[in-house]
Amino acid sequence: MKAFIVKRYGKKEKLQLTELAEPRVKENEVLVQVYAAGVNQLDSKIRNGEFKLILPYKAPFTLGHDVAGVVTKVGSRVTKFKVGDEVYARPADYRIGAFAELIAINEKDVALKPKNLSMAEAASIPLVGLTVWQALVEKANLKKGQKVFIQAGSGGVGTFAIQLAKHLGATVATTTSAANIDLVKSLGADIVIDYKKDDFETILKDYDVALNSQDAKTLEKSLRIVKPGGKVISISGPPDPDFGQKINANWFLKIILKFLSAGIRKKAKRLGVNFSFLFMRAQGEQLSEITRLIESGVIKPVMDKVFPFEQTNEAMAYVETGRARGKVVVKII
Ligand SMILES: NC(=O)c1ccc[n+]([C@@H]2O[C@H](COP(=O)([O-])OP(=O)(O)OC[C@H]3O[C@@H](n4cnc5c(N)ncnc54)[C@H](OP(=O)(O)O)[C@@H]3O)[C@@H](O)[C@H]2O)c1
């Protein structure tokens, strides 16, 4: 099969198109013929080597965290899926490799693809959808009538987050630049701040939840717009000790994580705000919930560009500009 692999870590390194053997399917895995693969900032960060400490992939390895396709083989203990099922997934860490013609995925990480989406649209969902679910539902327990601040409402995470937060009954404030104001309003955002013109810190007050996806300065400001007892969930760092526990980090990494997040944890404590870092995880059951929301029309994919498979490097470069409006996908079939 054809696959785009990281041969060497580095910001200037390109993924290489290579011929690989078909993946071996373990007893609890399904083999998926990949029709489309979503492209995420995480792919570039891993290729650059920025995640080596917490996700030490050994090169060469196949990249790609979002897949939509058809099951072509099932392991002997697979119970939920059969050959021919149209599925989508964010394969688990260390089992990634969506930029390929085939991928083996643990069945617990897979869900049936929403019937009303194309393969390309479905491939745009899993990583950002699960991130938002784990932030707003699992961690924040966001409730009707609460106020949530979602940064970068026009991005992959933001476009999904606005829609889910509105569905949960929250008031949504978001940031974006002038060109994307109509987009985020169409998704349901109640308060839209042009971050190039206005400072959200002077506009927002007493929020229940903030979802931080930007730099350290923005994270600090987010602490100040949340009310005491409220929650700031950061998906762009810094990783905290809790995360170290979750990934079973060794003592050395645990010390680093403690050190990296010490400043922001201290500031949050002073303000009575609950700060936590989230690194999303693969989760087929939550993805099935997302399928239901998409099939009932509550959440719609927001697509920017679809690139052909051969242009996977170009697709990554486009995402790296930080200007994508919604999601970028690579089409394999
Ligand atoms: N920890 C996790 O599990 C996890 C999961 C998913 C994503 N992430 C991280 O979260 C971040 C966002 O991910 P994403 O997929 O949503 O990225 P993305 O799709 O690439 O975001 C692009 C969008 O961000 C907007 N933007 C850029 N700078 C902004 C700013 N200063 N203020 C407000 N909006 C801004 C852009 O709008 P304009 O063009 O209008 O500026 C653009 O629409 C990335 O760092 C990613 O790695 C983490």
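How far does a polar side-chain atom of Thr-176 lie from an oxygen atom of the ligand? The answer is 3.4 Å. Hi everyone, I'll start at that ligand and then walk through the rest of the structure. One thing before we go on: what you see above is a predicted model.

So, the ligand. It has 23 residues around it, and the ones that come nearest are Gln-41, Ser-177, Tyr-195, Arg-323 and Ala-324. Two of those names come back when we look at individual contacts. An N or O atom in the side chain of Ser-177 is 2.4 Å from an oxygen atom of the ligand. With Ala-324, it's the backbone that takes part: one of its N or O atoms lies 2.6 Å from a ligand oxygen.

Okay, next up, the empty spaces. Let's take the second largest pocket, which has a volume of about 470 Å³. Its lining is made of 25 residues, and Asp-93, Phe-243, Lys-246, Ile-247 and Phe-279 are the closest to the centre. Where does the lining come from? Helix H3 (126-139), helix H7 (241-246), helix H8 (251-271) and strand E14 (274-277) each give at least two residues to it. If you sort the lining by class, you get 14 nonpolar, seven charged and four polar residues.

There's a cavity to talk about as well. How many cavities of 30 Å³ or more does the structure hold? Just one. The largest cavity has about 60 Å³ of space in it. Among the residues lining this cavity are Ser-124, Val-128, Phe-160, Pro-301 and Lys-327. Helix H4, residues 156-167, provides the largest share of that lining, with four residues. By class, the cavity lining splits into six nonpolar, four polar and two charged residues.

Now for the strands. A quick reminder for anyone new to this: strands of a sheet pair through backbone hydrogen bonds, and they can do so parallel or antiparallel.

Let's do the antiparallel case first. Look for an open sheet of three strands in the order E2-E1-E4, where the pairing is antiparallel. Strand E2 (16-19) and strand E4 (61-62) are at the edges with a single partner strand each, so each of them has one side without a neighbour in the sheet. Between strand E1, residues 2-6, and E4 there are two bridges. If you want to find one of the matched pairs, Val-6 has Phe-61 in E4 as its bridge partner.

And the parallel case? Strand E12 (residues 207-212) pairs in parallel with strand E13 (residues 226-234), over five bridges. To get from E12 to E13, the chain goes through helix H6, residues 216-225, and this β-α-β crossover is right-handed. Across that pairing, Ala-210 stands opposite Val-232 in E13. E13 also runs parallel to E14, and four bridges join them. There, Ile-233 is opposite Ser-276 in E14. Remember E14 from a minute ago: this strand also supplies at least two residues of the lining of the second largest pocket.

Further along, strand E15 (residues 303-308) and strand E16 (residues 327-331) are parallel too, with five bridges between them. The connection from E15 to E16 runs through helix H10, residues 312-320, and this β-α-β crossover is right-handed. Phe-307 has Val-330 in E16 as its bridge partner.

Last topic: some backbone oddities. In general, most peptide bonds are trans, and most residues other than glycine have a negative phi. Here are some exceptions. Ala-59 and Pro-60 are joined by a cis peptide bond, with omega about 0°. You'll find Pro-60 in the loop between helix H1 (41-48) and E4. Another cis bond goes from Gly-237 to Pro-238, again with omega near 0°. Pro-238 is in the loop between E13 and H7.

And which way does the phi of Ala-152 go, positive or negative? Positive, at about 55°, even though Ala-152 is not a glycine. Ala-152 lies in the loop between strand E9 (147-150) and H4. H4, you'll recall, is the helix with the largest share of the cavity lining.

That's my tour, thanks for listening!

Notes:
Residues are numbered from 1 along each chain as its sequence is written. This is a predicted model: local features need pLDDT of at least 70, side-chain atom pairs count only at pLDDT 80 or more; totals for chains, interfaces and linings use all residues. Side-chain values use heavy atoms; hydrogens and water are left out. On a 1 Å grid over the protein atoms alone, a cavity is a set of points where a 1.4 Å probe fits but cannot get out, and a pocket is an open set with protein on both sides within 12 Å along at least five of seven lines; lining residues have an atom within 4 Å of a point. Grid points are joined across faces, edges and corners, and a volume is the space filled by probe spheres set on the points. Ala, Val, Leu, Ile, Met, Phe, Trp, Tyr, Cys and Pro count as nonpolar, Asp, Glu, Lys and Arg as charged, and the others, Gly among them, as polar. Two strands pair if DSSP finds at least two bridges between them. A crossover is right-handed if, with the strands pointing away from the viewer, the path from the first strand over the helix to the second runs clockwise. A residue is near a molecule or strand if one of its heavy atoms lies within 4 Å of it. A polar contact is a pair of N or O atoms within 3.5 Å; within protein, one must be able to donate a hydrogen and the other to accept it, and residues adjacent in sequence count only if both atoms are side-chain atoms.
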